[in-house]
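New to this one? Let's take a relaxed walk through it, one neighbourhood at a time.

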Amino acid sequence: MTALTLYPAIDLKDGQCVRLQRGAMDQATVYSTDPAGQARAWQDAGFAWLHVVDLNGAFAGRPVNADAVAAILGAVTIPVQLGGGIRDVAGIEAWLAAGVRRVILGSAAVKNPALVRQACLAFPGRIVVGIDARNGNVATDGWAATSSIRAVDLALSLQDAGVAAIVYTDIGRDGMLTGLNLDQTVAMATAVATPVIASGGVGGPRDLADLRRVAEGTRIEGVIVGRALYDGRVDPATALALLAD
């Protein structure tokens, strides 16, 4: 079995590190007022990547927590993938120049798929598509709107663009600690040739073990964990050992 990458999530709201439940901004739990310090803590715990999202930016359609992201980039040496409010080539280029390793395009992938293709050509290996699904349909604008596009169909439409990875999130499970939607994640990862990162619902080590079991033979390459890490339900060393080769 190949190793899976665990991406600890740093979700930024009003300059703080928070976790939401099902994407509801009015149900934010603040876990740290020092995102850079939290980033260092995850690096010190042995994680090889960070997954950072500008939540305010996702709703506003433009970067909002730029100072917090810059502080994170200055605090760690491990690679960072960043999403939230990045909607044009200039924004992508600016963040990559600032030190972000990979940029995540979510709403832009639905509203402007040509941007994804253009970005993949300009920045090969550095563009990730975030596909956030509510009942199988893609949500946009910080999950405030739900489209008529099926998640798998969007993934299939972009798999020849050169996307580095797809982050697939089941909104109904995000922040709820009820376990990943393994069926839909596996369906996505077997339908496309693009690596898939699972997201939404990890509540404990058993969920990671279950993902490791079903990931074999698919394109699943990693998993994002947020609230379960912050609440201490998942120990970093235990999690990394579960997902190791």
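What follows is a short tour of some strands, helices and loops. Keep in mind that this is a predicted model.

## Strand 1 and its partners

A good place to begin is strand 1, which covers residues 5-13. Of its 9 residues, 8 are buried, so strand 1 is largely enclosed by the rest of the structure.

Strand 1 pairs with several other strands. With strand 12 (220-225), the two run parallel and are joined by 4 bridges. One pair to look for there is P8, whose bridge partner in strand 12 is V225. Strand 4, residues 50-54, also runs parallel to strand 1, again with 4 bridges joining them. On that side, A9 stands opposite H51.

Strand 2 (residues 16-21) breaks the parallel pattern: it pairs with strand 1 in the antiparallel sense, over 3 bridges. Here K13 has Q16 as its bridge partner. If you're picturing side chains as you look along these strands, a general point helps: in a regular strand they alternate between the two faces of the sheet.

## Loops worth a look

Strands 1 and 2 form a hairpin with 2 residues between the strands. D14 lies in that loop, and its backbone is a bit of a curiosity. Most residues other than glycine have a negative phi. D14 goes the other way, with a positive phi near 55 degrees.

N135 has a positive phi near 55 degrees too, and is likewise not a glycine. You'll find N135 in the loop between strand 7 (127-134) and strand 8 (137-140).

Are these loop residues buried or exposed? D14 has a relative accessible area of 54% and N135 is at 70%. Over 50% counts as exposed, so D14 qualifies, and so does N135.

A third loop residue is G172, between strand 10 (165-170) and helix 8. G172 is partly exposed, at 36% relative accessible area. The C-alpha atoms of G172 and L158 are 24 Å apart, with their positions 14 residues apart along the chain.

Here are the accessibilities of these residues, along with a glycine we'll meet in a moment:

| Residue | Relative accessible area | Status |
|---|---|---|
| D14 | 54% | exposed |
| N135 | 70% | exposed |
| G172 | 36% | partly exposed |
| G74 | 68% | exposed |

## Helix 1 against helix 3

Now for a helix pair. In general, two packed helices are described by the angle between their axes and the distance between the axes. For helix 1 (residues 35-44) and helix 3 (residues 66-75), the axes come within 8 Å and cross at roughly 35 degrees. The crossing is right-handed.

Which residues in helix 1 and helix 3 meet? On the helix 1 side they are P35, A36, A39, R40 and Q43, and they touch A68, A71, I72 and A75 of helix 3. That contact is made up of 7 nonpolar residues, 1 polar and 1 charged.

G74 is in helix 3 as well, and is exposed with a relative accessible area of 68%. Although G74 and R40 are 34 residues apart along the chain, their C-alpha atoms are separated by 9.8 Å.

## Two helices with a buried side

Helix 9 (residues 205-215) has D207, L208, L211, R212 and A215 as its buried residues. Looking down the axis of helix 9, they fall within an arc of 140 degrees, so they line one face of the helix. The general rule behind such patterns is that an α-helix has 3.6 residues a turn, so residues three or four places apart point the same way. Over on the other side of helix 9, R206 and R213 are exposed.

What do the buried residues of helix 9 pack against? Strand 1, helix 8 (182-191), strand 11 (196-199), strand 12 and helix 11 (236-243). Just past helix 9 comes G217, with a positive phi near 85 degrees.

Helix 11 has P236, A239 and L243 buried. These cover an arc of only 65 degrees around the axis, which puts them on the same side of helix 11. A237 and A241, on the other side of helix 11, are exposed.

The cover over the buried residues of helix 11 includes strand 1, helix 1, helix 9, strand 12 and helix 10 (227-230). That brings us back to strand 1, where the tour began.

Terms used. Residues numbered from 1 in each chain as written. Predicted model: local features only at pLDDT ≥ 70, side-chain atom pairs only at ≥ 80, totals over all residues. Heavy atoms only, no water. Axes fitted to C-alpha atoms, helices over the stretch in contact; angles between N-to-C directions. Left-handed = near helix turned anticlockwise from the far one by under 90°. Contact = heavy atoms within 4.5 Å. Nonpolar A, V, L, I, M, F, W, Y, C, P; charged D, E, K, R; others polar. Buried < 20%, exposed > 50% of the residue type's maximum accessible area, 1.4 Å probe, protein only. Arc of directions from axis to C-beta. Pairing = 2+ DSSP bridges.
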